[in-house]
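Trainee: Could you walk me through this model? I would like to start with the core and then move to some individual residues.

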Amino acid sequence: MLSVSNLSVQFGKRILFDEVSTVFTQGNCYGIIGANGAGKSTFLKIISGQFDPTAGRVILEPGKRMSVLNQNHNEFDEFPVLETVVMGNKNLYAIKKEMDALYLDYTDENADRIGELQVQFEEMNGWNADSDAAAMLSNLGIAPEHHYTAMADLESKLKVRVLLAQALFGNPDLLIMDEPTNDLDFETIGWLENFLANYDNTVIVVSHDRHFLDAVCTHISDIDFGKITHYSGNYTFWYESSQLAARQRAQQNKKAEEKKAELEEFIRRFSANVAKSKQATSRKKMIEKLNLEEIKPSSRRYPAIIFDQEREGGDQILNVQNLSGSQDGEILFSKIDLNVAKGDKIVVFSKDSRATSAFYEVLNGLQTPDSGTFEWGITTSQSYLPGDNHAFFEEKLTLVDWLRQWAKTEEERDEVYVRGFLGKMIFSGEEALKTADVLSGGEKVRCMISRMMMIRANVLMLDEPTNHLDLESITAFNNSLKNFKGTVLFTTHDHEFAQTVANRIVEITPKGVIDRYTTFDDYLDDPKIQQLRQSMYQ
């Protein structure tokens, strides 16, 4: 379907890709992974023709159509929604526009040309284009009354869905997507997962959403050391197998046949889990055959995130009574009654992200509620990771001095001690002397996690904690919260995070609260809860 030959990309002295040659095969879904800065988005721009490599060629099979998920949300503001979707098939749209222009100036001379175009249009199923586009929009939650609205009049979250429909429209032979789940809700992501899992053509995707990669990918394409290597299987298989291979490499004394037996047992276990899963399509089953030789250790560095408690909390953690909050006269949440118990790990959930952020701000004394009260247990100590952490990084402090602000003892103020915390979050050597005001988004979140580790609270509050983090940090963070013995309240768009950490779901709405001790998947799949959710937002 697509081949890359001797691809090299160099910025100054920095080599991003070094003579990469690889092939993307018909019918597979490739998840592109790599550390921050490895060149994932650059690679997608090269294969889609938006960026020229230093050397090498990209060859798309003749006669095949490529479609790219557009990242510019305002590019089509002057067009109606339905027309924007149809524009996803450029050839079809060009024929339609030429026919429309010729009909407006109909003459005997252009009648033959109109006839030729009509034949091509019919062969491309053009007469059904508008109805197909409308069906796709409806599946993505864009109601029919918006189909003829100008793109400029849509809110940002709906624009993302329209651009997604545009990329998917007309069954492209090769679909390229960079972070397609950004700004989508869980229901829309679920629809996209199902669509791509049953998609017969080739998909190349970059995503930090592990649940999404697991649901759709038949292969993981790892960018490492300036090369791209394809591995059969989804992200979880790649991660677990690379970790197993790394452990085996460290076990110098273990015999080769023992290592081989361990790898074979791992493959058998993984294949059995896939076969037993409720995801039954051929794409979701992913692979018939896993190659033992493919399994190699990764060079990735995973941060060491360990949350300790200075003291264990008592039975009474948090009591919330009749809490309500609004913004600019709009009710965000109301009548919230909640009793948090020791050891609860709660996904705080809402269709409106402003509601969850305001809820955390209230609980941390940073915002006054419209009504109601809340009371923390006397044995609790809280640590909060806000969605917007900008205020923490305005001063020009080195990271050592920045983190030292939360030291409680002279021992903790010692530079070696502080550097130890920073080192766990992969700020080692000279990196620990960076100033806080020049950090990237991901570096800021890693600093905030270091701060939380140093505070050693028994209640953690996290508002979209995976934003800006790479897959390695997200995976380490996820594992640390699963092992944490205290209480956690968190909001996330990372499905895997929600499913594997939470034992309780609390959805705050303008009409009250839905509170269930259950897993996240069971909460989303329960038809009675779906019905209740719908009524709470009407």
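Mentor: What follows takes the cores, a helix pair, the cysteines and several loop residues in turn. This is a predicted model, where local features need pLDDT of at least 70, side-chain atom pairs count only at pLDDT 80 or more, and totals for chains, interfaces and linings use all residues. Residues are numbered from 1 along each chain as its sequence is written, and side-chain values use heavy atoms, with hydrogens and water left out.

Trainee: Which residues touch the most other members of the largest nonpolar core?

Mentor: Leu-168, Met-177, Leu-192 and Leu-196 do, in a core of 56 residues. A nonpolar core here is a set of buried Ala, Val, Leu, Ile, Met, Phe, Trp, Tyr and Cys residues joined through side-chain atoms within 4.5 Å. Buried means under 20% relative accessible area, exposed over 50%, and partly exposed in between, with a 1.4 Å probe and protein chains only. Helix H6 (residues 156–168) supplies the largest share of this core, eight residues. Helices (H or I, at least four residues) and strands (E, at least two) are DSSP runs, numbered from the N terminus.

Trainee: And what is Met-177 in contact with?

Mentor: Leaving aside neighbours within four places in sequence, Met-177 is in contact with Leu-44, Leu-69, Leu-164, Leu-168, Leu-192, Leu-196, Ile-204, Val-205 and Val-206. Contact means heavy atoms within 4.5 Å. There is also a second, separate core of 51 residues, which includes Val-347, Leu-462, Val-488 and Phe-490.

Trainee: Leu-44 was on that list. Why is helix H1 described as largely enclosed?

Mentor: Six of the eight residues of H1 (residues 40–47) are buried, so the rest of the structure largely encloses this helix. Those buried residues are Lys-40, Thr-42, Phe-43, Leu-44, Ile-46 and Ile-47. Gly-49, just after H1, takes a positive phi of about 85°.

Trainee: Back to H6, then. At what angle do H6 and H7 pack?

Mentor: H6 and helix H7 (residues 186–197) pack at about 5°, and their axes are 13 Å apart. That makes the two helices roughly parallel, a label for angles under 35 degrees, while over 145 is roughly antiparallel, 65 to 115 roughly perpendicular and the rest oblique. The axes are lines fitted to C-alpha atoms, for helices over the stretch in contact, and angles run from 0 to 180 degrees between N-to-C directions.

Trainee: Which residues meet there?

Mentor: From H6 they are Arg-161, Leu-164 and Leu-168, and from H7 Thr-188, Trp-191, Leu-192, Phe-195 and Leu-196. By class, that contact has six nonpolar, one polar and one charged residues. Ala, Val, Leu, Ile, Met, Phe, Trp, Tyr, Cys and Pro count as nonpolar, Asp, Glu, Lys and Arg as charged, and the others, Gly among them, as polar.

Trainee: New topic: how many disulfides are there?

Mentor: The count is zero, where a disulfide is a pair of cysteine sulfur atoms within 2.5 Å. For Cys-217, the nearest cysteine sulfur is that of Cys-29, 4.1 Å away. Cys-217 is buried, at 0% relative accessibility, and Cys-447 is buried with a relative accessible area of 0%.

Trainee: Where is Val-348 found?

Mentor: Val-348 is in strand E12 (residues 345–349) and counts as buried at 2% relative accessibility. Val-348 and Val-488 are 140 residues apart along the chain, and their C-alpha atoms are separated by 9.9 Å. Beyond four places in sequence, the contacts of Val-348 include Phe-359, Tyr-360, Leu-489 and Phe-490.

Trainee: What about phi at Asp-183?

Mentor: Most residues other than glycine have a negative phi. Asp-183 is not a glycine, yet has a positive phi of about 70°. Asp-183 sits in the loop between strand E6 (174–178) and H7 and is partly exposed at 43% relative accessibility. Glu-464 also has a positive phi, near 50°, and is buried with a relative accessible area of 13%.

Trainee: Last one: is Asp-494 buried or exposed?

Mentor: Asp-494 counts as buried, at 4% relative accessibility, and lies in the loop between strand E16 (487–491) and helix H18 (495–501). Asp-494 and His-211 are 283 residues apart along the chain, with their C-alpha atoms separated by 7.6 Å. Outside four places in sequence, Asp-494 is in contact with Phe-186, His-208, Arg-210, Thr-466 and Ile-474.
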